[in-house]
Amino acid sequence: MQKYYTNFQTTSKITNLSKLDNNLIYYKTLHNGIEIFSSITLNVIKSIQSKKFNSTSSILDISSDIRYIAYSYKNVLNVTDITRNKIINTIRVDDDISAVCFDNTNTYLFIKTFFGGLYQYRYNNNLKLSTLHKSPNIKHDFANIIYCKYTKLFFADEFGYVYITDIYTYKTQQFQLDT
């Protein structure tokens, strides 16, 4: 039998949902900000209300230490220090942002764009470190998901290919899913 939890007090559409380290999960709603909760106790650990996280900001990720939030509007990505409630970096890219991901050490930030770009930055610097992938002639080249675990970055395209890139050597493996 399904069990429904009523610990959450949102009546707004959930636009992002993701897992952090230490059994924590966060979600962003269309109008009510961000909540971080325990996947074990289902208690809300932190609630972040800000005009910055409204219906116009969309793509986001939270660092595993829950200190930084990266969120975007179109082609602009802001990184905010939650503890100081201050934007510490603004990164502009050539195309609208479709996915964002911190690495596990909270050193790097990966940005994926709708036209197939995948870029690596330091979270606190707007100098691009690397272009990990670029497909300028294909719109919506990747699915809107990227995931970083340890030293590997995972992403996929609309043709069933999954790519695994080492974030230090930039070597990429790819394989196609049987569908």
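Analyst: A residue is called buried when its relative accessible area is under 20%, and exposed when that value is over 50%. In this predicted model, Asn106 has a relative accessible area of 8%, so Asn106 is buried.

User: Where does Asn106 lie, and what is the sign of its phi angle?

Analyst: As a general idea, most residues other than glycine have a negative phi. Asn106, found in the loop between β9 and β10, has a positive phi of about 65° although it is not a glycine. Ile66 is also not a glycine, and its phi is positive at about 55°. The place of Ile66 is in the loop between β5 (60–62) and β6. With a relative accessible area of 18%, Ile66 falls under the cut-off and is therefore buried.

User: How many helices and strands does the chain have?

Analyst: The chain has 0 helices and 16 strands. As for how much of the chain is covered, 44% of its 179 residues count as buried. The chain exposes about 10200 Å² of surface, and carbon and sulfur atoms supply 50% of that area. Among contacts with a separation of 6 or more, 29% are between residues 24 or more positions apart.

User: Is Asn22 buried or exposed?

Analyst: Asn22 is exposed, because its relative accessible area of 66% is over the cut-off. Asn22 sits in the loop between β1 (14–19) and β2 (24–29). Its C-alpha atom is separated by 9.1 Å from that of Ser39, a residue 17 positions away along the chain.

User: Which residues touch the most other members of the largest nonpolar core?

Analyst: The general idea is that, in soluble globular proteins, nonpolar side chains tend to be buried together. Here the largest nonpolar core has 14 residues, of which Ala70, Leu77, Val79, Ile91, Phe102, Leu109 and Ile111 touch the most other members. Two or more residues of this core come from each of β6 (68–73), β7 (76–81), β9 (97–102), β10 and β11 (118–122). Strand β9 provides the largest share, with 3 residues.

User: How many disulfides does the structure hold?

Analyst: A disulfide is a covalent bond between the sulfur atoms of two cysteines. This structure holds 0 disulfides. The cysteine sulfur closest to that of Cys101 belongs to Cys148, at 5.2 Å, and this is too far for a bond, because a disulfide needs the two sulfur atoms within 2.5 Å. Cys148, for its part, is in no disulfide.

User: Are these cysteines, Cys101 and Cys148, buried or exposed?

Analyst: Cys101 counts as buried, at 5% relative accessibility. Cys148 is likewise buried, with a relative accessible area of 6%.

User: Which residues does Cys101 touch, beyond those up to four places away in sequence?

Analyst: Cys101, which is found in strand β9, touches Asp61, Tyr108, Leu109, Phe110, Ile146, Tyr147 and Cys148. A C-alpha distance can be read alongside such a list: Cys101 and Ser63 are 38 residues apart in sequence and 8.4 Å apart in space.

User: How many aromatic pairs are there in the model?

Analyst: The count comes to 1 aromatic pair. Its members are Tyr108 and Tyr168, with ring centres 6.0 Å apart and planes at 70° to one another, so the angle is over 60 degrees and the pair is edge-to-face. Tyr108 belongs to strand β10 (residues 108–113), whereas Tyr168 belongs to the loop between β15 (161–166) and β16 (172–176), so the pair ties together parts that are 60 residues apart in sequence. The two partners can also be read by their accessibility. Tyr108 is buried, with a relative accessible area of 11%, whereas Tyr168 is partly exposed, at 44%.

User: What joins the side chains of Gln120 and Tyr170?

Analyst: A polar contact of 3.0 Å joins these two side chains, those of Gln120 and Tyr170. Gln120 lies in strand β11 and is buried, with a relative accessible area of 0%.

User: With which residues is Gln120 in contact, leaving aside its neighbours within four places in sequence?

Analyst: Gln120 is in contact with Tyr108, Leu109, Phe110, Lys128, Leu129, Ser130, Leu132, Ile167 and Tyr170. Two names in that list have already appeared in this discussion: Tyr108 is a member of the aromatic pair, and Leu109 belongs to the largest nonpolar core.

Key: Residues are numbered from 1 along each chain as its sequence is written. This is a predicted model: local features need pLDDT of at least 70, side-chain atom pairs count only at pLDDT 80 or more; totals for chains, interfaces and linings use all residues. Side-chain values use heavy atoms; hydrogens and water are left out. Rings of Phe, Tyr and Trp (its six-membered ring) pair if their centres lie within 6.5 Å; planes under 30 degrees apart count as stacked, over 60 as edge-to-face and the rest as tilted. Helices (H or I, at least four residues) and strands (E, at least two) are DSSP runs, numbered from the N terminus. Buried means under 20% relative accessible area, exposed over 50%, partly exposed in between (1.4 Å probe, protein chains only). Contact means heavy atoms within 4.5 Å. Accessible areas come from the Shrake-Rupley method with a 1.4 Å probe; for residues, only the protein chains shown count as cover. A nonpolar core is a set of buried Ala, Val, Leu, Ile, Met, Phe, Trp, Tyr and Cys residues joined through side-chain atoms within 4.5 Å. A polar contact is a pair of N or O atoms within 3.5 Å; within protein, one must be able to donate a hydrogen and the other to accept it, and residues adjacent in sequence count only if both atoms are side-chain atoms.
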